Amino acid sequence: MPELPDLVVLLKKLKPSLEGRLIAGARVHEPIVLRVLVEGDFGRLLAGQRIICLERHGPFLHFGLDSNDLVLHLMLAGRLRLAATGEKRLPHEAFTIDLAPSGGGGVGAGGGSHGSDSLSYGDEKNMGKVYLCPKGDFSAIPGYKNQGVDILSPAFTWERFSKLIEKKRNQARAFIMDQTALSAIGNAYADEILFEAGVHPKTPCCYLTASDRRKLYDAINAVISWGIAEVEKADRPTEEKVRGHLRVRNRGGEACPRCGTTIRKAGVLGFDSFFCPKCQPDRTGRGLDWSKLPGPSPSGGASST
Ligand SMILES: [Zn+2]
């Protein structure tokens, strides 16, 4: 569920309430998501540690604790909720971290007073991963160390992007989703970015003109900022998925909001991709002419993201 805009808004909501808080303990309901990389029991290891910082690292959420680091990779269906202890459990709740009550004016960015509350992690697919690591050692987390340039950081410049895409021969959608190059674009926003840029998802990067590349770079910035603003505006509980604003993702068979052509769904290297065949023509001359196929697309249903 969480893509970059979701994570940015989630972090904004959780950070002030969690930083500086003392962990009272943890209750595990579904251990399959846990990777405890230090000796001991998850709950007992967490008890008594303070959450020093909460940051995002690409698609990962990193909780810096006194003696360990806790890293969450929410993948497709992981969700977090901070609520009063004892509130109804999240569906498919895997574990709950109980926080000790904190007094007014306490440490941390929150500063205010908090009652007894708990951070719950739910995951209906149990695909997410939660790592408890030795302090400062992220080596056992797949993909953590080799994240590419964070697309929300000042380092994500046009020059950097041009250099990254320059010699690439893979398809545009695969390239923008390659986290070792760009950190981090998921399925839903990849479709929105390509739509905004007018680029067919299967276009090999080497077929993109200089103007296409510039449009793609601008679209990444514009679409992610728009996504953050929309998720923030929707102001839904942190465990809910906000997708109503998306223009092509999961809209197969519907009319393109720009030109009215039927939105298509195609598989791109094993992932469903949604696009408008008119706004995003295949200019390589190698693919199908999607705009001439009879519509609406029978395969244009919803996908999981
Ligand atoms: Zn269109």
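**Note on the predicted model: strands, sheet and helix packing**

1. In strand β5, the side chains divide between two directions, with Asn68, Leu70 and Leu72 pointing one way and Asp69, Val71 and His73 the other, and all of these residues are buried. This fits a general pattern, since in a regular strand the side chains alternate between the two faces of the sheet. Strand β5, which spans residues 68–73, is accordingly listed as mostly covered, with six of its six residues buried. It should be kept in mind throughout that this is a predicted model.

2. Which strands flank β5, and how do they run relative to it? On the one hand, strand β4 (residues 60–65) is joined to β5 by five bridges, and the two run antiparallel; within this pairing Gly64 stands opposite Asp69, and the connection from β4 to β5 is a hairpin that passes through two residues. On the other hand, six bridges join β5 to strand β9 (residues 129–134), again with an antiparallel course, and here the bridge partner of Asn68 is Pro134 in β9.

3. A further group of strands deserves a separate comment. Four strands make up an open sheet in the order β1-β7-β8-β6, with antiparallel pairing; its edges are β1 (23–28) and β6 (78–84), each of which pairs on one side only, and the twist from one strand to the next averages 15°. At the β1 edge, five bridges connect β1 with strand β7 (residues 93–99), the two running antiparallel, and Ala26 is found opposite Ile97 of β7.

4. Helix α1 (residues 4–18) should be viewed together with this sheet, as it lies across β6, β7 and β8 (117–123) and runs at about 40° to β6. Helix α1 is also among the elements that cover the buried residues of helix α5, the others including α4 (172–176), α6 and β13 (271–275).

5. How much of helix α5 is buried? Of the 11 residues of this helix (residues 187–197), 10 are buried, so α5 is largely enclosed by the rest of the structure. The buried positions are Asn187, Ala188, Tyr189, Ala190, Asp191, Glu192, Ile193, Leu194, Phe195 and Ala197, a list that a reader may wish to follow along the helix in the model. Just after α5, Gly198 adopts a positive phi of about 70°.

6. The packing of helix α3 (residues 158–166) on helix α6 (residues 210–234) is described by an angle of about 125° and by axes lying 11 Å apart. Angles from 65 to 115 degrees count as roughly perpendicular and those over 145 as roughly antiparallel, and α3 and α6 are therefore oblique to each other. The crossing of α3 past α6 is right-handed. On the α3 side the contact is made by Trp158, Phe161, Ile165 and Glu166, and on the α6 side by Ala210, Arg213, Arg214, Leu216, Tyr217 and Ile220; sorted by class, these comprise seven nonpolar, no polar and three charged residues.

7. For the chain as a whole, the secondary structure comes to six helices and 13 strands, and 50% of the 305 residues count as buried. Among contacts with a separation of 6 or more, 71% are between residues 24 or more positions apart.

Definitions and conventions: Residues are numbered from 1 along each chain as its sequence is written. This is a predicted model: local features need pLDDT of at least 70, side-chain atom pairs count only at pLDDT 80 or more; totals for chains, interfaces and linings use all residues. Side-chain values use heavy atoms; hydrogens and water are left out. Axes are lines fitted to C-alpha atoms, for helices over the stretch in contact, and angles run from 0 to 180 degrees between N-to-C directions. Angles under 35 degrees count as roughly parallel, over 145 as roughly antiparallel, 65 to 115 as roughly perpendicular and the rest as oblique. A crossing is left-handed if the near helix is turned anticlockwise from the far one by less than a right angle, and right-handed if clockwise. Contact means heavy atoms within 4.5 Å. Ala, Val, Leu, Ile, Met, Phe, Trp, Tyr, Cys and Pro count as nonpolar, Asp, Glu, Lys and Arg as charged, and the others, Gly among them, as polar. Two strands pair if DSSP finds at least two bridges between them. Buried means under 20% relative accessible area, exposed over 50%, partly exposed in between (1.4 Å probe, protein chains only).
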